[in-house]
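Me: Could you take me through this model and explain the reasoning behind each label as we go?

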Amino acid sequence: MFPAVDVRQVSKRYGSLQALDGVDLRIEAGEFFGLLGPNGAGKTTLINLLSGLARADSGQLSILGRDVAAQYRDSRRLLGVVPQELVFDPFFTVRETLRLQSGYFGLRHNDAWIDELMHHLDLTDKADTNMRRLSGGMKRRVLVAQALVHKPPVIVLDEPTAGVDVELRQIMWRFIQRLNREGHTVLLTTHYLEEAEALCGRIAMLKRGRIVALDSTQNLLNSAAGCRVRMRLSGELPAVLAPHMIERVGEDYLLALSSYPALETMLMQLREAGLTVLEMSLQQPDLEEVFLRVVGKA
Amino acid sequence: MKTSFVTLFYKEVLRVQKVAFQTLLSPILTAVLYLLIFSHVLEQHVEVYPGVRYTAFLIPGLVMMSVLQNAFANSSSSLIQSKITGNLVFVLLAPISYWEFFAAYVLAAVVRGLVVGAGVYLAALYFAQPAMDHPLWALLFAILGSALLGSMGVVAGIWAEKFDQLASFQNFIIMPLTFLSGVFYSIHSLPAFWQDLSRFNPFFYMIDGFRYGFFGVSDISPWFSLAVVAACFAAMAGFTLALLRSGYKLRF
């Protein structure tokens with residue numbers, strides 16, 4: 001079985017900027033995959049190469065085994081892309097826009113699916129409204145519907161929730177998660193790391209056109225070993241624990257521990273110092289921490 | 001026929017229809033104003049072909065000028081608008097080949113050119129009723145001419161990055177070539193130098209061949225004009241297809 005997305009030794013240069021530098025990436029069918037990286041890391045370039053909006057200088061890209069250059073008709077039919085920019089055609093209504101997009105993909109009679117898409121994205125009331133008259137959030141929903149109008153097995157979402165409200169985000173993620181459960185592969189780029197953490201099974205991190213981390217979300221979180229402890233004590237923090245302190249927040253101390261067993265050692269040291277723990281909470285490492293560490297180090 | 005090509009063509013025609021006041025009625029009004037003024041001023045002073053009133057002579061020229069300018073405007077303005085607003089991405093993401101892209105934009109340009117041309121012709125009948133000796137010749141030149149200008153419009157729309165770049169293409173290339181092509185006169189009324197120069201203007205052959213369809217008289221053999229226009233279209237189509245295939249200014 002072919003991988004949903006297969007990227008092999010892909011490089012792309014724009015003038016003096018090396019946008020992608022020998023990228024290898026394999027996303028299996030059915031995955032919910034996150035592509036993270038700071039601005040200018042090469043995420044959108046990679047998506048543009050996959051979708052045919054740009055051409056690679058070297059290397060190969062394929063969607064479910066179809067080469068994006070040699071078999072572009074097949075590969076584009078297998079791919080649905082939600083672009084980052086809020087673009088629309090001001091001449092048409094929502095329904096006309098979706099019918100035209102269906103036609104571009106060779107589908108003449110697609111109204112049943114168009115109606116279903118509009119229903120799931122809460123667009124039914126706006127079906128006959130001109131695109132110009134829609135709010136930004138509504139336009140974003142139409143972009144999602146356009147990407148899904150031909151039922152692509154691979155869906156690429158390039159920062160789909162940038163600048164959209166919480167309600168729309170929830171509507172969108174419910175629908176995308178449903179599609180993923182039904183077998184669609186999802187490739188997501190986002191700046192909202194909590195979104196990636198909650199949704200993606202695997203994550204790749206890009207920096208300056210190179211992949212600097214690629215693993216399951218859980219393994220990436222585990223790689224940020226240890227935990228943070230916030231606690232209030234009956235007295236001052238003993239000197240032996242000072243190297244662990246990150247900061248003092250009011251009466252509380254925030255400490256970083258290398259592992260959970262280190263917690264037991266810390267409690268023993270507190271008892272030896274004659275101190276009592278008045279309040280304590282443990283904080284798990286999150287993806288933001290991992291991201292900052294990986295991207296900062298690379 | 002391929003659904004994707006038909007849809008892109010239909011989208012282009014639907015766009016024209018949605019703004020028909022600007023894309024169809026406005027150029028018809030402009031041509032009628034030309035007719036009104038030039039025929040009023042020159043009717044009594046100029047006779048280009050024996051026994052043909054100047055107003056009747058002028059009508060085919062104005063019709064063809066409108067056909068050509070609107071064919072160019074259609075593909076060029078649609079493409080630059082789509083590029084600037086970013087919605088061209090929906091076409092570029094779709095499994096549409098470069099020749100389907102070309103055919104859809106050029107065919108839509110031909111349709112707009114012919115509709116505007118028919119409108120100008122019908123409106124002009126109020127002022128004079130020119131003969132129509134060879135309607136198929138007129139139609140052939142109108143189709144080939146608008147296809148050539150539609151193709152040029154695709155090139156201009158792809159090349160231009162701003163509306164003023166497109167306007168310069170229109171003002172410094174298309175307008176002079178159409179005005180200096182015998183719309184308002186026969187090249188036999190020009191000094192020898194300008195007559196010779198006119199023969200290098202492909203628009204002259206389009207207008208002259210089109211006018212032959214009306215009066216059965218032309219400055220140049222219609223077969224020769226047909227060969228020139230067909231060759232120009234073939235060359236321009238080849239160039240445009242090569243540009244689209246390379247992804248120039250479309251796929252980075």
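Me: What makes a residue of chain A buried, and what share of the chain is that?
Reply: Happy to help! A residue is called buried because 20 or more other C-beta atoms, placed from the backbone, lie within 10 Å of its own (exposed means 12 or fewer, partly exposed in between). Buried residues make up 40% of the 298 residues in chain A. One caution: this is a predicted model, where local features need pLDDT of at least 70 and side-chain atom pairs count only at pLDDT 80 or more, while totals for chains, interfaces and linings use all residues. Residues are numbered from 1 along each chain as its sequence is written, with chains lettered from A and ligands numbered from 1 in the order in which they are written.

Me: How do you know which stretches of chain A are helices and strands?
Reply: They are DSSP runs numbered from the N terminus: H or I over at least four residues for a helix, E over at least two for a strand. Chain A has ten helices and 14 strands.

Me: Why are S1(A) and S2(A) said to pair?
Reply: Pairing requires at least two bridges found by DSSP between two strands. S1(A) and S2 (residues 17-27) of chain A have seven, in the antiparallel sense, so they meet the definition. Val7(A), for instance, has Leu25(A) in S2(A) as its bridge partner.

Me: What makes S4(A) a partner of S1(A)?
Reply: Strand S1 (residues 5-14) and strand S4 (residues 58-63) of chain A share five antiparallel bridges, so that pair qualifies as well. Here Asp6(A) stands opposite Ser62(A) in S4(A).
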